[in-house]
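Here is a set of questions and answers on strand pairing, burial and surface charge. The structure comes first.

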Amino acid sequence: MEVPLYQGFVLAVTIMREAVDEFRRFQRDKEVNSQLYSKLTVRGKVQVKSSDIQVGDLIIVEKNQRIPSDMVFLRTSEKAGSCFIRTDQLDGETDWKLKVAVSCTQRLPALGDLFSINAYVYAQKPQLDIHSFEGTFTREDSDPPVHESLSIENTLWASTVVASGTVIGVVIYTGKETRSVMNTSNPKNKVGLLDLELNQLTKALFLALVALSVVMVTLQGFAGPWYRSLFRFLLLFSYIIPISLRVNLDMGKAAYGWMIMKDENIPGTVVRTSTIPEELGRLVYLLTDKTGTLTQNEMVFKRLHLGTVSYGTDTMDEIQNHLVNAYAQMQCQAGGSSTASTPPRKAQSSAPKVRRSVSSRVHEAVKAVALCHNVTPVYEARGMAGETEVAEADQDFSDDNRTYQASSPDEVALVRWTESVGLTLVSRDLTSMQLRTPGGQILTYCILQTFPFTSESKRMGVIVRDESTAEITFYMKGADVAMASIVQYNDWLEEECGNMAREGLRTLVVAKRALTEEQYQDFESRYNQAKLSLHDRTLKVAAVVESLEREMELLCLTGVEDQLQADVRPTLEMLRNAGIKIWMLTGDKLETATCIAKSSHLVSRTQDTHVFRPVTSRGEAHLELNAFRRKHDCALVISGDSLEVRLACPRPVRLSSLEVRLACPRPVRLSSLEVCLKYYEHELVELACQCPAVVCCRCSPTQKAHIVKLLQQHTGRRTCAIGDGGNDVSMIQAADCGIGIEGKEGRQASLAADFSITRFKHVGRLLMVHGRSSYKRSAALGQFVMHRGLIISTMQAVFSSVFYFASVPLYQGFLMVGYATVYTMFPVFSLVLDQDVKPEMAMLYPELYKDLTKGRALSFKTFLVWVLVSIYQGGILMFGALVLFESEFVHVVAISFTALVLTELLMVALTVRTWHWLMVVAELLSLGCYVASLAFLNEYFDVAFITTVTFVWKVSAITVVSCLPLYVLKYLKRKLSPPSYSKLSS
C-alpha cells in the first residue's frame, strides 16, 4: 500500500516543480522575443518584434534600449557621429564603449536618404570573438565609389544597451549567429553527487531485494507455482527499496535552502536551484571571474614615476605645484595668450636648475596622460533643456555635472587623476579634445589618429596637433613588455615596473614622439591604404603603426590600483585551507590578471609564476609543456590571446536595398590554450591541476565554460564557478555548482546561477557552514531512511524463515503505512537540523571541509555498516519476540512492532550529534502518536495484553538488547578514534 502511495506523491511533487520552472522560462523567453523595435522602410517606420528581425533590416534603437541583433552602426542622432553603449551583459565590463557611425551614411542629410543610395556592407563569417570584426562599406553610386573600412568600433553587438542618443544600424547577424548567443552554452540539468551516490546504493538494494526473494523461493524448493511466490516475496521485501527517500531528501533540500536564505550573516543570498545544496559541501575546484567578483572594478591612481623621482598619494600636491608653475611661466612668456607648447628650457634665474628640470618633466608627463586615452567627458542634460546646446562655457564645463566614460576603468582613473592635479579634460569628440589648465585656460588639440588598445599590441596611441602651435605629437601608453623595446634606452623602467607589480599596481608606460608635417602626411597615406585591405588587414595596419614606434621619449610610469572587494584575501585563504583549488578565469590582460592574483594572495608573494608563452604549433606546445613540467610549486598563467588560422570562405549572401555580404574571415582566432588542448589536452590539465593556483587571462565566455568541462572530465571532481557578468553565464551553467554575484555588471549571472550572493566574502560561509552541514545532514538522512526499510525487511525475512518460508506479511494494513509515516517520519526528518560543530567553529577551522571531498559521510563502507546494524537489530527484534511470545500470534506482532518503533526513535537519538528543541518535540510527538493509536488498533493488537507488565518488560528487554550494544560501540569509537570535529567541540 505504501509503495504506490509514495510513488504517486514523489512523481507529483517532481512534475509540479519541473512544470513551474519550465513555465517561468517560457514566459521569460516570450517577453524577450516580443520586445518591439522600429524598423526603417521605404514607407517610413514600422514596429517589428525582435523575433521577426532579419539580416539586412535597418533597425532604430533608442537610448537605454537593448540592441536586438548584431548590427553595423550607420547613423546616430549625436552630432559627433558617435555614441556610447553598455556592454556589461556581453563582456562583463561596466564601462561604456565608444562606437563610431559609418561616416558615409552619417553625412547623409536625412534619415530617408539611406534608401536613395546604392551601397553594400561586406561582413566576415559569424565567429565567437567579441573583440574583433572586419568588413567594408562600399557606396557604388558615387564617383569614384566610396570604400570605407569597418572594424569593431563600427559594430553594435546584440545584448548591449545604447547609452547615448538614438542609433540606426543594418543587421548583419541574427539568432544563433550573434556574438552573444555563440558565446552562451546550453544549460544542463544539474544533479548532485549525493543523489548519484544514493542512486548507486538504491541499485545495490534492488539487487539485494531480488537476491533475497530468489533465496526464499529456492529454500521453498520451487514448490508449486514458484514464480507466484517470487512476486509475493518481491512485494513483501519491497521496503528494502527506500521509496520515501526521494520525498525526505527533497523536503530536506527545501529546508537547507530556507536556512541559507534566512542566514543573517549572508544577507541577500538567494537559492535558485533547490536540488543541489549538498554540492556546496563537495567542491574541489573554484573557478572565479576577476573584475567585479574579486575586485570592485574601481580604479585609484597611486603612483607616478619619472625615473629619478617618484610621487605617491601623499605627494600629489607637489605635482600640482609643478603644473601651476609650468603654466604660469608659459602664460608670462606668451604674454597671457593661451598656449599648449612645452615650457621653454630657459626659465627665471631665481629657480634652481634641478627644480626647473623636474617641473618641465612633470608637466610633460601629466599632459601626456591627459591626452593619450579614449576617455570622453559626458555632461548630463539639466532641467527641461533636453538636447539644446548651452552656450555659456562655464556651465558647459561644470565640474559637478561631468562624468567620464571609457572602455577601460584604468583610463578613467588616469584622467580623474590629471583633473585632481589641475589639468582637466573638459570636452572631446571624434576630431578634437580640450584641456583646462590650473589657471583656467582652455587648450585645444586636434585628434589626427587614434590607435585603440588590442590584446596583441598591448598598447594604445594617439596623434594630436596643438591648435595654437601646430605641433604634431604622437603619444603612446601601454604595458611594460610592449613598451620596453619602443622607448629610448633607460636603466630604471624594468626595475620600477617590477616594484609596482609587487605592490599589486597595474602599470602603464607613457612615451611620446614629435612628428613633422611631412612625416605625418606620409604615415597617413600608408595607414589609410592598409585599413582598406581585405586580406591580412590587421597585420598590414600594425606594420604601418610600428613604423612610428621607434626611439620614443620615455615620459613616465603610472601605477593604478584596482581595489579588491572586502575580505577577499581572508576568504581565498579560508578556501585554500579547506582544500579547494582556485582558478581565476578573466577576460582581462595578462599583466592585470597577474597583478590581481598577487594582490589578492591567490598567488603568494613567495610563489613563482610561469607565464605560458604563445604557441602556434604542436612542437612549440610540447616544448613549452616540458619547460613548465620542470618547475615545482609554481602558479600557472596561461592566455587565451589570439593567433591566426585560416578557414574556408562561405558563400556571399545578397539582400535587397542595402546589401550584406558575409565574407571570408581571414584571421580566425585560436589561442595558446586551444593549441595545447588540441594536441596535449590530458597533459596540460594534469599539470595545471598540480599547480597551487591557475590564472587564465583573455578568456572568452566559451573558453571559460570549456575549462570547466575539461576539469570535470579529467578529474571527476566537483567544480564551482562564480562570476558577476553576462560573460560568466556559460561558465556558471557548465559548473556542477554556479554562484552569481549581484554587482555593477547587472543581474544576468545572478539569475542564471544556482545560488546568488551579494559579496564574494559570503562564499566562505556558504561553503564552510551551509555546504558542509547540508551534505552531512543529507548523508545521515539518506542512510537512516534506508535503515528504516532494511530493518523491517529483515524482520519479515526472519518471520518467513521461521514459518517454513511462507510468503505471509508480518504487519498488515495501517501498521505498515503508520511505520513509514506518523510513527517515524518526524524524528527521522529532524536529522536535517543536526550539526556536528557550531558555524563559528566551521569558519574558524576550514580544514574540516577537506574531509568531505573524500565522501566518507556516505560511501559503500558506511552503507555496509548500516546494513549490518539493520540485520542485527531486525534479527534481535524478531527472534526476541518469537522467543518471548505467549500462545497467540497477535502477541508477537504487538511485542515486535512496539520494540521496532522504540528502536527507531532511539537510533535517531544515537545518530544526533547536537540536539535541537524541535528534535525533542519530534521524538515525543511520534511516541505520543503511537501510544495514542494503540487504543484504535484492536484488529492488530490485543489491547488487554499490551496493558500488562509482561508486555512492558518484554518490549523493554528486546529494545535494550537491540540498541545498547550500538551505544557502547559508539562510545568506544569516540574514545579510541574520535572524528576531527569532536576534538574541536571538546
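Q: Which residues form the positive surface patch?
A: This is a predicted model. Residues of a patch must have over 30% relative accessible area and no salt bridge, and like charges are joined within 9 Å. The positive surface patch is formed by Lys850, Lys854, Arg856, Lys861 and Lys973.

Q: Is Lys861 buried or exposed?
A: Lys861 lies in helix α28, residues 860–884, and belongs to the positive surface patch. The cut-off for exposed is over 50% relative accessible area. Lys861 has 68% relative accessibility, so Lys861 counts as exposed.

Q: Why is strand β14 (residues 283–288) largely enclosed by the rest of the structure?
A: A residue is buried when its relative accessible area is under 20%. β14 is largely enclosed because, of its six residues, those that are buried number six of the six.

Q: Which residue of β33 stands opposite Tyr285?
A: β14 pairs with strand β33, residues 718–723, in the parallel sense. Five bridges connect β14 and β33. Opposite Tyr285 in β33 stands Thr719.

Q: Which residue in β26 stands opposite Leu286?
A: β14 also runs parallel to strand β26 (residues 581–585), and four bridges join the two. In β26, the residue opposite Leu286 is Ile582.

Q: Which residues of β25 and β16 stand opposite Leu304?
A: Strand β15 (residues 295–305) is joined by seven bridges to the antiparallel strand β25 (residues 553–564), where Thr558 stands opposite Leu304. β15 also pairs in the antiparallel sense with strand β16 (residues 310–311), over two bridges. There Leu304 stands opposite Tyr311. The residues asked for are Thr558 in β25 and Tyr311 in β16.

Q: What is the phi of Gly307 in the turn between β15 and β16?
A: β15 and β16 form a hairpin, and four residues lie between the two strands. Gly307 is in the turn and has a positive phi, about 105°.

Q: Which strands stand at the edges of the open sheet β6-β5-β11?
A: The three strands of this open sheet pair in the antiparallel sense, in the order β6-β5-β11. Two of them have a single partner strand each, so one side of each is left without a neighbour in the sheet. The strands at the edges are β6 (96–100) and β11 (161–162).

Q: Which residue in β11 is the bridge partner of Ile85?
A: Strand β5 (residues 82–86) pairs with β11 over two bridges, in the antiparallel sense. In β11, the bridge partner of Ile85 is Val162.

Methods
Residues are numbered from 1 along each chain as its sequence is written. This is a predicted model: local features need pLDDT of at least 70, side-chain atom pairs count only at pLDDT 80 or more; totals for chains, interfaces and linings use all residues. Side-chain values use heavy atoms; hydrogens and water are left out. Two strands pair if DSSP finds at least two bridges between them. Patches are made of residues with over 30% relative accessible area and no salt bridge: like charges are joined within 9 Å, nonpolar side chains (Val, Leu, Ile, Met, Phe, Trp, Tyr) within 5 Å. Accessible areas come from the Shrake-Rupley method with a 1.4 Å probe; for residues, only the protein chains shown count as cover. A salt bridge is a side-chain nitrogen of Lys or Arg within 4 Å of a carboxyl oxygen of Asp or Glu. Lys and Arg count as positive and Asp and Glu as negative; His and the chain ends are not counted. The place of a charge is taken as NZ of Lys, CZ of Arg, CG of Asp or CD of Glu. Buried means under 20% relative accessible area, exposed over 50%, partly exposed in between (1.4 Å probe, protein chains only).
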